[in-house]
Amino acid sequence: AGKVTTGAAPKATYTSTKEQLNNAMVAAGAPAAAAQSSSLTFAYPFGLTMNVQRPAVPILSSGFMAFPLNRPVAAVWEAAEGADHNGKVKRGKLLLIGSGSMFDDTWIVREENDLLTTVLIDYLLHKVRLNQIDADEPDITDYHHLPDTASLSDRLRVAVEESEDLPRDFTELFDFTTFKLDTGMIPEVAAAYQKLSLKQEPLTLISPEFQTPLPP
C-alpha cells in the first residue's frame, strides 16, 4: 500500500497533499441518480493505495494526475458460490476502501461522495453489478520503484570491470602504428612528383627576413 500524496484536480479547498480530488470511472455501475454520467468526482482524504489481486477487482483508482497515479483505492470481492439469505440465493461480497474519512460528516458532502456512497451500498445490496469489461481490464498502472538516491550517495562503490587476459609477450600491448617516424612514405612522395609534373630537386634554404633591425 502507498499513500496518495497529490490531488488529481487541486482546488483552493484541497490545499493539503493528503487530500485528493478524483474523477474516476465507476466500474460498479450507477444508480438512477447517476445514470447520465459514467464517472464520479469524489474527494479522497487521508487515503492509501493498495495492491489488488484476483479474484478481487479494483473499482476506483487514484487517477492519472495523482501520485502514485492510476493505483487502486477501492476494491471488491464476490464469492464464487451463492448462499441462501432471506429465502434468496445471494453471493457474499466484500468492499475495501483505502480511506474511511471520505464517509465522515465533513467529507461525505464534498463533491459527489454521497452519490458514490449510494453506488457502493447498492452494489453490496445486489442492486447493481460490475461492468464486466472494466472488471476484466481495469485501467491500473503498476508501481515504478525508484532508487533512494540520498542513501545511495552515502555508500559509494568503485565500479569493478573485468579485463581481458593479458598476453605473455608484453610487447604486444604496445601499438606502434599510432605515432611513428620512418621512411615508409618516401616512395609514394617520389611518385607524386611525376603525377603532378613537378621537378624533383633538393630543397633550398629560404633566407629569413627580419622586420626588426638587428642591434649594431
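## Salt bridges, a three-stranded sheet and the helix across it

At 68% relative accessibility, Lys 199 counts as exposed, because the cut-off for that class is over 50%. The model behind this value is predicted. Lys 199 has a charged partner: its side chain meets that of Glu 201 in a salt bridge, at 4.0 Å from N to O. Glu 201 falls in another class, partly exposed, with a relative accessible area of 47%.

How many salt bridges does the structure hold? The count is 2. The other one joins the side chains of Glu 78 and Arg 91, at 3.0 Å from N to O. This pair links distant parts of the chain. Glu 78 sits in strand S6, while Arg 91 lies in the loop between strand S8 (88-90) and S9. The two residues are 13 apart in sequence. Glu 78 is partly exposed, at 26% relative accessible area. Arg 91 is also partly exposed, at 38%.

| Salt bridge | N to O distance |
|---|---|
| Glu 78 – Arg 91 | 3.0 Å |
| Glu 201 – Lys 199 | 4.0 Å |

**The chain as a whole**

The chain has 216 residues, and 25% of them count as buried. Its secondary structure comes to 4 helices and 9 strands. Along the sequence the pattern reads β-β-β-β-β-β-β-β-β-α-α-α-α. Take the contacts between residues at least 6 apart in sequence: 56% of them join residues at least 24 apart. The chain exposes about 16,800 Å². Carbon and sulfur atoms supply 57% of that area.

**The sheet**

Strand S6, which carries Glu 78, belongs to an open sheet of 3 strands. The order is S5-S6-S9, and the pairing is antiparallel. Which strands form the edges? They are S5 (57-61) and S9 (93-97), each pairing on one side only. Neighbouring strands are turned by 20° against each other on average, direction ignored.

S6 spans residues 72-78 and pairs with S9 over 5 bridges. Within that pairing, Trp 77 has Leu 94 of S9 as its bridge partner. S5 and S6 pair over 4 bridges, again in the antiparallel sense. Here Val 57 is matched with Val 76 of S6.

Is edge strand S5 enclosed or open to the outside? Of its 5 residues, 5 are buried, so S5 is largely enclosed by the rest of the structure. In a regular strand, side chains alternate between the two faces of the sheet.

**The helix across the sheet**

Helix H1 (residues 113-124) lies across S5, S6 and S9. H1 runs at about 155° to S9. What span should H1 have? At 1.5 Å a residue, its 12 residues should cover 16 Å. The end C-alpha atoms are 17 Å apart, which agrees.

The buried residues of H1 are Asn 113, Leu 115, Leu 116, Thr 117, Val 119, Leu 120, Asp 122 and Tyr 123. An α-helix has 3.6 residues a turn, so residues three or four places apart point the same way. Among the buried residues of H1 are Leu 116, Leu 120 and Tyr 123. Just after H1, His 126 takes a positive phi of about 65°.

Note on methods: Residues numbered from 1 in each chain as written. Predicted model: local features only at pLDDT ≥ 70, side-chain atom pairs only at ≥ 80, totals over all residues. Heavy atoms only, no water. Pairing = 2+ DSSP bridges. Axes fitted to C-alpha atoms, helices over the stretch in contact; angles between N-to-C directions. Contact = heavy atoms within 4.5 Å. Buried < 20%, exposed > 50% of the residue type's maximum accessible area, 1.4 Å probe, protein only. Expected span 1.5 Å × (residues − 1). Areas by Shrake-Rupley, 256 points an atom, 1.4 Å probe, with all protein chains shown as cover.
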